[in-house]
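Grab a coffee and open the viewer: here are some exercises to work through with the structure in front of you. Try each task before you read its solution.

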Amino acid sequence: NLKLSNKISNISPSVTLEITAKAKQMKANGIDVIGFGAGEPDFNTPKNIRDAGIEAIEKGKTGYTAASGTNELKKAICDKFKRDNNLDYNVENIIVSSGAKHSLFNALSAILNPGDEVIIPVPYWVSYPELVKLADGNPVEVKTPEENDFKYSLDNLNNALTDSTKAIILNSPSNPTGTAYTKEELEKIAKWAIDNEIFVISDEIYEKLIYDGNEHISIASINDNIKEQTIVINGMSKAYAMTGWRIGYTAAHKDIIKLMSNLQSHSTSNPTSISQYASVEGLNGEETAIKEMIKHFIERRDYMVDRINSIDNLSCKKPKGAFYVMANISNIKGKIIHGKTIESSIDLANLLLDEAHVAVIPGIAFGDDNYIRLSYATSLENIKEGLNRIEEYIK
Ligand code: PLP
């Protein structure tokens, strides 16, 4: 009868977990399920990075490192910020953590006090609200509607603003919507954040996965004032197909980095040494593998977008980045398909899985029930077959 933590009891389990677990079980039972749920590239980590990891093991670079990461990796990260984002940081502005999710957790913990509000975009990446709650903050959901290209508008931001607003989360390119902000749009948000003295947490994990000549701009690079207030989050997972290696990093004002380092030194300590050495190679080495991966993502995205828009009652925007498509299902909700009423995105996702053997993520997991999310981090062959099944099923 011992009581457990109220705070942690208040953290939701992932809505996606149930569907993903069910899809796995069906596969284990020999059912041929097409999965559109993947949140990670379906490519192997590039060879030069794998080799650097093996070399680190062979050379015995397997002990503790500085809790906030090796100097060598921090320098490679500083070089990356200069090269890719025109941002000048020193090693004291950098901390390496065990994945970008861990970076976000530490960053939010370093800036929030109980009751502080953090603005998050809806549709949001599933972990944002829970991460804010874990750090004793209150998530404030602000709609980024499809009509506005899934982006914040200043009107919506102003409506959400209170005396307790402490930070805003910006995710460009975005999971789940694939939207990406232009420089002009970022300038407006930067001015708004400066005028209202609000931290910007800029999650740039999909920076390299941006298409059609759209350019990734870090909001921190807009001017020195916004740089002071911005916490840039990035990592190796998506661009380098290194999800399992668990390396994320943060660039921010040194006072914030110091608090994050103290927290990390007493909780997880250093991220895996082997992954850190491999990440140096990832950041300093050739980007040939990324370019190859991007070619595949563009081909799959184009196919998926055309097919979805050709299916009656489904539609989607063409994502500018990442590897997800948000398909609008508002014309299907309330309708009866094969004798079953579709009341929600979960109803549709369950039916697609049970009857068409296709796994998609219901939009409600991202705070918007009018969508389902399909990942194109799977082969073109799977995408074709999966969309054939969806089309056939909802016809
Ligand atoms: N931020 C966004 C928007 C993501 O989609 C993800 C992964 O799904 C992460 C952060 C976390 O990445 P990592 O694997 O580095 O923890």
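How many helices and strands does the secondary structure of the protein come to? Keep in mind that you're looking at a predicted model.

**Exercise 1. Get the overall picture.** Work out the fold content, the dimensions and the burial of the protein.

*Solution.*
- Start with the count: the secondary structure comes to 14 helices and 15 strands.
- Next, take the radius of gyration, which is 21 Å; the globule rule gives 21 Å for 395 residues, so the protein is as compact as a globular protein of that length.
- Along the principal axes, the C-alpha atoms fill a box of roughly 60 × 60 × 55 Å.
- As for burial, 46% of the 395 residues are buried.
- Finally, check the record: an unreviewed UniProt entry annotates residues 32-390 as "domain: Aminotransferase class I/classII large". Over residues 32-390 the chain is 40% helix and 17% strand, with the end C-alpha atoms 14 Å apart.

**Exercise 2. Follow the parallel strands.** Trace the pairings that involve β3 and β5, and give the handedness of the crossovers.

*Solution.*
- Begin at strand β3 (residues 117-122), which pairs with β5 in the parallel sense over three bridges. Here valine 118 stands opposite alanine 167 in β5.
- β3 is also joined to strand β4 (residues 138-143): six bridges, again parallel. In this pair, glutamate 117 stands opposite asparagine 138 in β4.
- The connection is a right-handed β-α-β unit made by β3, α6 and β4.
- Now move to β5, which is joined by five bridges to strand β6 (residues 199-203), running parallel. Look for isoleucine 169, whose bridge partner in β6 is isoleucine 201.
- From β5 the chain crosses through helix α8 (residues 183-195) to β6, and this β-α-β crossover is right-handed too.

**Exercise 3. Explain the enclosure.** Why can β5 and β3 be called largely enclosed by the rest of the structure?

*Solution.*
- The step you need is a cut-off: a residue is buried if 20 or more other C-beta atoms lie within 10 Å of its own.
- For strand β5 (residues 165-171), seven of the seven residues are buried, so the strand is largely enclosed by the rest of the structure.
- For β3, five of the six residues are buried, so the verdict is that β3 is largely enclosed as well.

**Exercise 4. Sort out the antiparallel sheet.** Give the strand order of the open sheet of four strands, and pick out its edges.

*Solution.*
- The order is β9-β10-β15-β14, with antiparallel pairing.
- β9 (315-316) and β14 (361-362) are the edge strands, since each pairs on one side only.
- Strand β10 (residues 324-328) and strand β15 (residues 371-375) pair over five bridges in the antiparallel sense. To find the register, use alanine 327: its bridge partner in β15 is isoleucine 372.

**Exercise 5. Look around the ligand.** Which residues come nearest to the ligand, and what classes make up the shell?

*Solution.*
- Of the 13 residues around the ligand, the ones that come nearest are Gly99, Ala100, Lys101, Asn175 and Ser237.
- By class, the shell has eight polar, three nonpolar and two charged residues.
- Asparagine 175 deserves a second look: a cis peptide bond joins asparagine 175 to proline 176, with omega about 15°. Proline 176 sits in the loop between β5 and α8.
- Serine 237 gives you a distance to check: its C-alpha atom is 33 Å from that of leucine 4, 233 residues apart along the chain. Leucine 4 belongs to the segment before α1 (6-9), and counts as exposed because it has 7 C-beta neighbours inside 10 Å.

**Exercise 6. Hunt for backbone oddities.** Find another cis peptide bond, then examine the phi angles of alanine 241 and serine 269.

*Solution.*
- The cis bond joins valine 122 and proline 123, with omega about 5°. Proline 123 is in the loop between β3 and α6 (127-134).
- Alanine 241 is not a glycine, yet has a positive phi of about 50°. You'll find alanine 241 in the loop between β7 (230-235) and β8 (248-251); with 22 C-beta neighbours inside 10 Å, it counts as buried.
- Serine 269 isn't a glycine either, and has a positive phi of about 60°. This serine 269 is in the loop between α10 (254-266) and α11 (273-284), and its 13 C-beta neighbours inside 10 Å make it count as partly exposed.

Terms used
Residues are numbered from 1 along each chain as its sequence is written. This is a predicted model: local features need pLDDT of at least 70, side-chain atom pairs count only at pLDDT 80 or more; totals for chains, interfaces and linings use all residues. A residue is near a molecule or strand if its C-beta atom, placed from the backbone, lies within 6 Å of it. Ala, Val, Leu, Ile, Met, Phe, Trp, Tyr, Cys and Pro count as nonpolar, Asp, Glu, Lys and Arg as charged, and the others, Gly among them, as polar. Two strands pair if DSSP finds at least two bridges between them. Helices (H or I, at least four residues) and strands (E, at least two) are DSSP runs, numbered from the N terminus. A residue is buried if 20 or more other C-beta atoms lie within 10 Å of its own, exposed if 12 or fewer, and partly exposed in between; C-beta atoms are placed from the backbone. A crossover is right-handed if, with the strands pointing away from the viewer, the path from the first strand over the helix to the second runs clockwise. UniProt positions are given in the numbering used here, feature names are shortened, and annotations may be inferred rather than shown by experiment. The radius of gyration is taken over C-alpha atoms; the globule rule is 2.2 Å times the number of residues to the power 0.38.
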